[in-house]
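User: I have a model to study and would like to go through its strands, helices and core. Can we take it in short questions?

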Amino acid sequence: MFSCRSLKLVCAALCLSSSFTVSAAGVTHQPVGKIAEQEVRHIATYFPGRMAGSPAELMMADYVNQRFQTMGYQSDLRDFKTRYIYTSNEGKKDWHNVNATSVIAVKPGTTDKQVLIVAHLDTYTPLSDDDVNHNLGGLTLQGVDDNASGVGVMLELAERLRNVKTKATVRFLALSAEELGNKGAENYLSRMSQTDKANTLLVINLDSLITGDKLYFHSGVNTPKAVAEKTRDRALKLAKRLGIHAAINNGHCEHDPQGNGCCSAQMPFDAAKIPVLTVEASNGSLSKKEGYQQTNKTAQFPAGTSWHQPQYDNLQYLDKHLPGRIKARTRDSVKILLPLVQEIAK
């Protein structure tokens with residue numbers, strides 16, 4: 001149950017989101033990346049602490065749903081029940097039940113083939129007293145990098161693709177509960193028929209595009225080589241043509257071969273042997289921790305990351321210490337992905 005205060009916050013945020021929706025819709029004449037940057041800043045400002053099952057997440061999901069509908073997409077909210085274990089300082093483990101909300105928008109094609117564009121909309125939920133004591137996640141986390149960036153780029157791709165005719169259906173999945181173990185992706189996958197899976201040409205997952213030093217394109221471990229060449233390798237060629245520096249995993253990570261990646265919403269799809277392309281920003285050359293170190297350890301980023309940390313993953317901090325990065329990464333991501341999606345779905 002929401003408190004009266006929560007309901008007032010919901011109403012206020014919906015009013016704010018509605019006004020932004022009207023002003024942002026149908027503005028594809030804007031410079032590439034501008035829509036995505038506006039969305040990132042709007043989401044981070046008005047929907048902090050969007051933990052799975054929280055009022056902020058519901059407001060965020062409703063906002064994204066409105067944006068898709070305003071663009072003319074078939075779009076709906078999809079709620080599902082999930083849970084996670086919370087561990088106390090004394091080692092006591094308790095199940096916490098939540099009702100999470102994802103958004104599914106559809107651009108119908110002329111064939112049964114489909115492309116899925118995925119970004120998680122939830123921010124990190126503290127899973128223990130230790131997380132709380134270390135200020136990980138919670139109500140003040142804006143989640144600019146993780147993952148307003150992915151949702152922002154998704155929304156600009158949707159804006160620019162809405163009047164483009166494609167043979168393949170394009171589905172946009174703004175999924176919840178990624179931070180609880182990819183539960184939103186698992187829930188969506190569980191609803192896919194074997195025919196749906198066989199007809200999925202590619203899942204493109206967008207996650208954490210800002211803080212990391214380099215823009216990376218990864219295939220799934222189970223993605224066929226021929227598909228990787230047409231997707232991951234094609235993305236790298238497009239980046240080179242556009243003068244954008246992009247890379248692949250160098251193979252130094254303990255669990256991931258060269259050119260592959262892990263640990264986000266694409267994983268359940270990869271496990272189901274559906275072709276995957278993951279887009280993220282990190283720096284795999286800094287450690288052997290599967291690219292978990294995003295940048296060099298400095299006074300500004302003591303752990304070499306901003307993930308899950310409210311004091312770093314916010315607009316004011318990133319604009320100050322990585323000036324121009326949000327604008328550059330949203331622009332570069334859209335520049336590469338827009339033609340790639342059109343080629344795959346044509």
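User: Are the two faces of β8 buried or exposed?
Analyst: This is a predicted model, where local features need pLDDT of at least 70, side-chain atom pairs count only at pLDDT 80 or more, and totals for chains, interfaces and linings use all residues. Residues are numbered from 1 along each chain as its sequence is written, and side-chain values use heavy atoms, with hydrogens and water left out. In a regular strand the side chains alternate between the two faces of the sheet. In β8, one side holds V276, T278, E280 and S282 and the other holds L277, V279 and A281, and both faces are buried (under 20% relative accessible area, with exposed over 50% and partly exposed in between; 1.4 Å probe, protein chains only).

User: Which residue of β8 is the bridge partner of V203?
Analyst: Strands are DSSP runs (E, at least two residues), numbered from the N terminus, as are helices (H or I, at least four). Two strands pair if DSSP finds at least two bridges between them. β5 (residues 200-206) and β8 pair in the parallel sense over four bridges. In β8, the partner of V203 is V276.

User: Which residue stands opposite T278 of β8?
Analyst: β8 also pairs with β6 (residues 214-219). That pairing is antiparallel, over six bridges. Opposite T278 stands H218.

User: Which are the edge strands of the sheet?
Analyst: The open sheet has eight strands, with mixed pairing. Their order is β1-β2-β4-β3-β5-β8-β6-β7. An edge strand here pairs on one side only, which fits β1 (74-87) and β7 (246-247).

User: What is the angle between α3 and α5?
Analyst: Two packed helices are described by the angle between their axes and the distance between the axes. Axes are lines fitted to C-alpha atoms, for helices over the stretch in contact, and angles run from 0 to 180 degrees between N-to-C directions. For α3 (residues 55-70) and α5 (residues 144-161), the axes are 10 Å apart and the angle is about 15°.

User: Why is α3 called roughly parallel to α5?
Analyst: Angles under 35 degrees count as roughly parallel, over 145 as roughly antiparallel, 65 to 115 as roughly perpendicular and the rest as oblique. The helices pack at about 15°, and that makes α3 and α5 roughly parallel.

User: Which residues touch the most other members of the largest nonpolar core?
Analyst: A nonpolar core is a set of buried Ala, Val, Leu, Ile, Met, Phe, Trp, Tyr and Cys residues joined through side-chain atoms within 4.5 Å. The largest has 62 residues. Those touching the most other members are F68, L157, F172 and L206.
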